[in-house]
Amino acid sequence: MARPLTDPSQDAALARGEHGDPFAYLGPHRLTGKSWVLRVFRPGVDAVTMLPEPRRRRPVTLQAIDRDGLFAARLRREPGAYRLSVRREDRTWEEDDPFRFGPVLGEMDEHFLGEGSHLELWKVLGAHPLTAEGVAGVHFAVWAPNARRVSVVGDFNHWDGRRHPMRRRGSTGVWEIFLPGVSEGARYKFEIRNAGGALLPQKADPMGFGAERPPATASVVRDLGGKDWGDDAWLSRRETANRRDRPIAVYEVHLGSWKRAGDGARPLGYRELAEDLVPYVRDMGFTHIEMMPISEYPFDGSWGYQPIGLYAPTSRHGALGEFRDFVEACHAAELSLILDWVPGHFPTDAHGLGRFDGTALYEHADPREGFHRDWNTLIFNYGRHEVRNYLIANALYWLKEHHVDGLRVDAVASMLYRDYSRPEGEWVPNVEGGRENLEAIAFLKRLNEVVYARCEGVATFAEESTSYPGISRPTDAGGLGFGYKWNMGWMNDTLDYMRREPIHRRHHHHQMTFGLHYAFSENFVLPLSHDEVVHGKGSLLAKMPGDEAQRFANLRAYLAFMWGHPGKKLLFMGQDFAQAREWNHDASLDWHLLGNPSHTGMQRLVRDLNRLYRTTPALHELDCEAAGFEWIEADAAEDSVYAWLRRGRGEAAPVVVACNFTPVERAPRRLGVPAAGRWVERINTDAAEYGGQGRSNLGSVRSDAIASHGRPDSVEIRLPGLSTVVFELER
């Protein structure tokens, strides 16, 4: 008696969308001896015929087994390559059967996936257009180790999870399928049944390279190939741009609100930004652009800091290829591009990573470890090797696939401490009983080791606000291995000082000097970031005291103080021309203000500060070393005056910076200098072209053989009220 073609229990599981091993049942399978069976599951069609290759062989009409869409036929030989002719009512078409194709992932991929060490994870997971056995299609793969069944759903199968259940790859927890006929641009998600059989909300692809425009939530197939990069020359020399002894002046930008198109309803696209933002930043003399997060995110108001698609440039500004064009435009303009990267937390949106396969897969199960109260987000489980692999591979993905030049890692402090923003009793100590997150610390060290080893010339920046030691020290010296650390203490102290009325500043004098006590303990960036101009904090200009003229004078003096201070520089967009109102992520910057001479003057000052910083070795070569700084006058509290010396290497001309943070002119003011000669006034923030009153030192001053401040020579300068002046020794 011939074996039956199908198994009713498996047929029913297919119809319910619960079959956990579809490749063991669908497609061609040996029955006995030379006898084969072909099973095809196509709900909603009337007839299915197998078309053998070569076509000279006779077609085989499959028998309809039930009304749920299962068809089967007994074959006398292994069918080899074949296609299917499918009929529904009066329409007939041909297609390839996904269940005739073998696995795509190889044994080595499976091995590295299993141990969580696949550093090119994006090349094996996600959606990849490719040709298999001469047939074009897309290979899908996703990690869901605790799922009972995973399917790909999309427009190509009517979002029906019964049609394309995936193949499980052993103990790796990875599921895969090759879908012939699917192509770039297709929308898709994963439909998952958890271990108990319950159907979860459809999930976007954790490795998706493209996404629908929010609020839509599907992933979009994008081809990573095909880009003919033309920035080899830049990549070969970008290491120079990121070195500690080079000028680093960062322009932080939120792509959606730098400028808006037309009536302001639409953010600029990546290619428009390449044509407008890039030339502007270059003209302003900045060396780096830092983008606030552009990994796909669902809510505009998160500014990208709650990412849902870590591998997809947000579709708000265009497709993946257009983003790459933007990167290339930055490099053509000799600008380094830093991506704000968020490995510290992720949102709870149903289509995201949260409980991805029905379990706490990417996050901790215990909310005391796995939930951020501040942001209502989930926390990655850094102790799980697959999660570390996912994040480290993501960092490499942006750096290698998209030629990004650096990563600014967000909210590092929240990762380092288990009790971050948690009251006593609502956090779990580490295995040693302490508050440090040992798993996160190990992850950050490994991240930096891998990034610096595999991506020549890049840099990593930590946003870290505590006194945790060695953030920017090498891991073999006990540090975390970052290239640079944001100096949040400097920012808080100096802004607090600048907010005060000048008459009170003498009582808070050392808020401006305190940063020099630790300025060389890390490779610091001085950040005036977006965080200082939101949530009711007002703009930098609005923080300054006094009438309008005094506010501008204060801000000009403060920015020059910053550019003369040791440390790399970061300025948020809009502060380059003294944006007057608080930043609004839904609106363009107020570019019309440049019709006002005060705002134009501020823009001119920032441009000149960048030019001076880039071209003056004493202002950048020893930014991160104590040998590059020396106080001239640190204790003149009653006058609110500060003066210091900056040095470069070798024969670099020294620079003197002096600040007066009262409206009272200090003239004459004698300052000790390290060498006799003519000292040229390179910057005076009171200059008329910057919007000041034009009180200058007539271009230069000559030193006198008069001892002052412990030096045998000195200069007598005019130090206008609310101003900073910068002098360089003429060689």
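These legends accompany close-up views of two pockets in a predicted model.

**View 1. The largest pocket and the residues around its centre.** Let's start with the roomiest spot: the largest pocket has a volume of about 570 Å³. Its lining is made up of 27 residues. If you want a landmark for the centre, look for Trp 303, Tyr 305, Trp 375, Asp 410 and Asp 531, the closest of the lining residues to that point.

**View 2. Helices and residue classes in the lining of the largest pocket.** Two helices to pick out here are α8 (412-416) and α10 (488-499), each of which supplies at least two lining residues. The top contributor is α10, with three residues. Sorted by class, the lining holds ten nonpolar, nine polar and eight charged residues.

**View 3. The second largest pocket and the residues around its centre.** Here we move on to the second largest pocket, which encloses about 460 Å³ of space. A set of 21 residues lines this pocket. Nearest its centre you will find Arg 42, Trp 93, Glu 95, Phe 156 and His 164.

**View 4. Strands and residue classes in the lining of the second largest pocket.** Strands are the elements to follow in this view: β7 (82-88), β8 (91-95) and β13 (174-180) each bring at least two residues to the lining. The largest share belongs to β8, which gives four residues. By class, nine residues of this lining are nonpolar, four are polar and eight are charged.

Conventions
Residues numbered from 1 in each chain as written. Predicted model: local features only at pLDDT ≥ 70, side-chain atom pairs only at ≥ 80, totals over all residues. Heavy atoms only, no water. 1 Å grid on protein atoms, 1.4 Å probe; cavity = no way out; pocket = protein on both sides within 12 Å on 5 of 7 lines; lining within 4 Å. Points joined across faces, edges and corners; volume = space filled by probe spheres on them. Nonpolar A, V, L, I, M, F, W, Y, C, P; charged D, E, K, R; others polar.
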